[in-house]
Amino acid sequence: MDEKITYDTFFARSFSRSDQKKLGYGALIGCLLIALSFCLVFMPYSSPQSIRLGTSVPKRMNLVCKSEKRSDYCEINGEDVRIDAKSSTVFIVASSQQSIRDLEDNNTSLLIGPYSRKEDQIAMKSVRKWLVKPVMESNVTPPCSQTHSVPAILFSLGGYSGNNYHDFTDIIIPLYSTARIFNGEVKFAVTNSNPWWINKFRNLVQKLSNYEVIDIDNEENIHCFTSVVVGLKRAPQELSIDPSKSSYSMKDFRQFLRSAYSLNKVRAIKIEDEDDDDDDGKTRPRLLIVVRNRTRAFRNTDEIVGMARNLGYEVRIAEADGNIQRFAEIVNSCDVMMGVHGAGLTNMVFLPENAVLIQVIPFGGVEWPARAAFGEPSKDMNIRYLDYKIKAEESSLIEQYPADHEVFKNPLSISKQGWLTFKAVYLDKQDVNLDTNRFKITLLKALELLHQ
C-alpha cells in the first residue's frame, strides 16, 4: 500500500532523530521555507493572472476560462492568438511542443457572450457570441493580417448598454477591473460596438487604453495578439468590485473617476457642532435633487426645495443627461444626493467620500431591488445610505386605481404576473408627491450623518 507522504514524514525521512534534536524546530521551519521558496521559483507558471504585463513568465500557452455568476471570460496568454470577426472565433494556435501539450489539457472550445449579465436572457439576445477555440496548427486558421504588440480585451456593448445604470454595472466597472492592470497598454476589441457609447464615455475609455477602439465586428483583417481576454470580470453584486478576485476596489475605481473627470472634491463637508447656532459665514451642506421628467417624477419639487432650505441646505436641482462631465461635476460638488429609484442614482459614483445618498423608494414592493441596486453598493463606496419608502397616499397610483385594488392591497400578486407587468405598474406609471413633513425626518438624519 502506498504511504501518504506528509510534511511530517518528509522531514522524518530527511533527518535522523538525533539530527532533529540538534537542529530543533527552528531549523526545520527554515528548511521548509527554503523548500517552499524553491517550489515557487521553479514551478510551472499557470496563474489566472498570467497575462499581467510586466510579469516574467516562460513563453508558453496559458488558457484560463472561468464561468462565474454574472460573466464568462477567458484569459489567454499564448504565442499566437487570432481574432477572426467573420467566423466570430478567437483561435489559440500552438507553435511548440509544450504549447501542444498545454492545449491538449485545455482542448475544449467555449462559446462566450462577452457581456456581464449572462443570467439575463433578454440582455444576452443582443450580444454577439464568440467561440474560443484552441487549434494545433496555424494552417487551419486564417493568416494574420495585422499583428499587435500589446494585449487585447474583447467585450460587448450589447445588452442594456445605453442605460446609465447598466453602462456602469455591466460594462464600465467590469472593464476597469479587467483593464486597469495593463496601465493603458491594452487594446479594446469591441463587439456590438456603438459609436455613441464610445463617445459618451471617451474620458474613461482613453484613461484605460492608449489606443483607438477596434470595432471588431466590421474588421476584414485577422487581428493577432500574444494575449487576449475574452469577456469582462464582474463581481456578483451590482456596482461592485470583489477585491478578493481583483487587484482593485471600488475606492480605487472612484479615485479613477475623479481623475478622469478632474473632480476636485474628495470628501463631503463635515458639519462642526460649534457652528450650529451661528449661520454667519457658515458653509451649508449642498443637497442635489435628481429629478426625472418621464416616470417616477417628483410632483412637488418646489415644496421639497423650500423645506430643505429651511433645514439649512443649499439646494441644487438637476436631471441626469448624456453629458457625463457636466453631471459628474454637479454630483461631486454636493454632500447629499436624493432621487427616486432609477438609473439617475447611478451617479452616486461621483459623490465625494462620506457623502449621503437618499433613495426614495416607490410604492409597491420595490424595496429589495432598490436596495440591491444602490443601498448595498454604497457601503464599498464609503457613502452613507438612507432610504425613504413612500406610502400609497404619496403615489400617483391613487389617481389610477381604486383604494381596494390589488395594486395597493397585494403588490405581490402583481409581481407574480411577471417583471414586465410589475414594471409597467410600479415603475413606468408612478410619480411621487412627497409628504414633506414626513420626509423632513430623513433630511435631518442626513444632517446628523454629516456631523459624524
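Mentor: Two strands pair if DSSP finds at least two bridges between them; helices (H or I, at least four residues) and strands (E, at least two) are DSSP runs, numbered from the N terminus. Before we use that, note that this is a predicted model, where local features need pLDDT of at least 70, side-chain atom pairs count only at pLDDT 80 or more, and totals for chains, interfaces and linings use all residues. Residues are numbered from 1 along each chain as its sequence is written, and side-chain values use heavy atoms, with hydrogens and water left out.

Trainee: Thanks! How many helices and strands are there in the protein?

Mentor: The protein has 15 helices and 15 strands. Five of the strands make a good place to begin: an open sheet of 5 strands with parallel pairing, in the order E12-E11-E13-E14-E15.

Trainee: Which are the edge strands?

Mentor: E12 and E15 (384–389), since each of them pairs on one side only. Neighbouring strands in this sheet are turned by 20° against each other on average, with direction ignored; axes are lines fitted to C-alpha atoms, for helices over the stretch in contact, and angles run from 0 to 180 degrees between N-to-C directions. Looking inside the sheet, E13 and E14 (residues 356–361) run parallel and are joined by 5 bridges. One pair to pick out on your screen is Met338 with its bridge partner Ile358 in E14.

Trainee: Which helix packs on the sheet, touching E11, E12 and E13?

Mentor: Helix H9 (residues 301–311) does, and its direction makes about 155° with that of E12; contact means heavy atoms within 4.5 Å. Helix H15 (residues 436–451) lies across E11, E13, E14 and E15, and runs at about 175° to E15.

Trainee: And where do I find an antiparallel pair?

Mentor: Try strand E1 (residues 62–67) and E2, which pair in the antiparallel sense over 6 bridges. A hairpin through 4 residues joins E1 to E2, and Asn62 has Asn77 in E2 as its bridge partner.

Trainee: How should I read two packed helices?

Mentor: Two packed helices are described by the angle between their axes and the distance between the axes. Here H5 and helix H8 (residues 250–260) pack at an angle of about 90°, with axes 11 Å apart. That makes H5 roughly perpendicular to H8, by a scale where angles under 35 degrees count as roughly parallel, over 145 as roughly antiparallel, 65 to 115 as roughly perpendicular and the rest as oblique.

Trainee: Which residues in H5 meet H8?

Mentor: Phe168, Ile172, Ile173 and Tyr176 in H5 meet Met250, Asp252, Phe253, Phe256 and Leu257 in H8. The residues of this contact divide into 8 nonpolar, no polar and 1 charged (Ala, Val, Leu, Ile, Met, Phe, Trp, Tyr, Cys and Pro count as nonpolar, Asp, Glu, Lys and Arg as charged, and the others, Gly among them, as polar).

Trainee: Phe168 appears there. Which residue does Phe168 form an aromatic pair with?

Mentor: Rings of Phe, Tyr and Trp (its six-membered ring) pair if their centres lie within 6.5 Å; planes under 30 degrees apart count as stacked, over 60 as edge-to-face and the rest as tilted. By this rule the count comes to 15 aromatic pairs. Phe168 pairs edge-to-face with Phe201, at 5.8 Å centre to centre and 85° between the planes. This pair links distant parts of the chain, 33 residues apart: Phe168 is in helix H5 (residues 164–179), while Phe201 is in the loop between helix H6 (195–200) and helix H7 (202–208). One aromatic cluster is formed by Phe168, Trp197, Phe201, Tyr261 and Phe350.

Trainee: Are Phe168 and Phe201 buried or exposed?

Mentor: Both Phe168 and Phe201 are buried, where buried means under 20% relative accessible area, exposed over 50%, and partly exposed in between (1.4 Å probe, protein chains only). Across the protein, buried residues make up 49% of the 452 residues. In helix H10 (residues 324–332), the buried residues include Ile324, Phe327 and Val331. Among the elements covering the buried residues of H10 are H5, H6 and H8.

Trainee: Last one: which residue has a positive phi of about 50° although it is not a glycine?

Mentor: That is Ser88, in the loop between strand E2 (72–84) and strand E3 (89–93). Ser88 counts as buried because its relative accessibility is 14%. Asn192 also has a positive phi, of about 55°, without being a glycine. Asn192 lies in the loop between strand E8 (187–191) and H6, and is partly exposed, with a relative accessible area of 21%.
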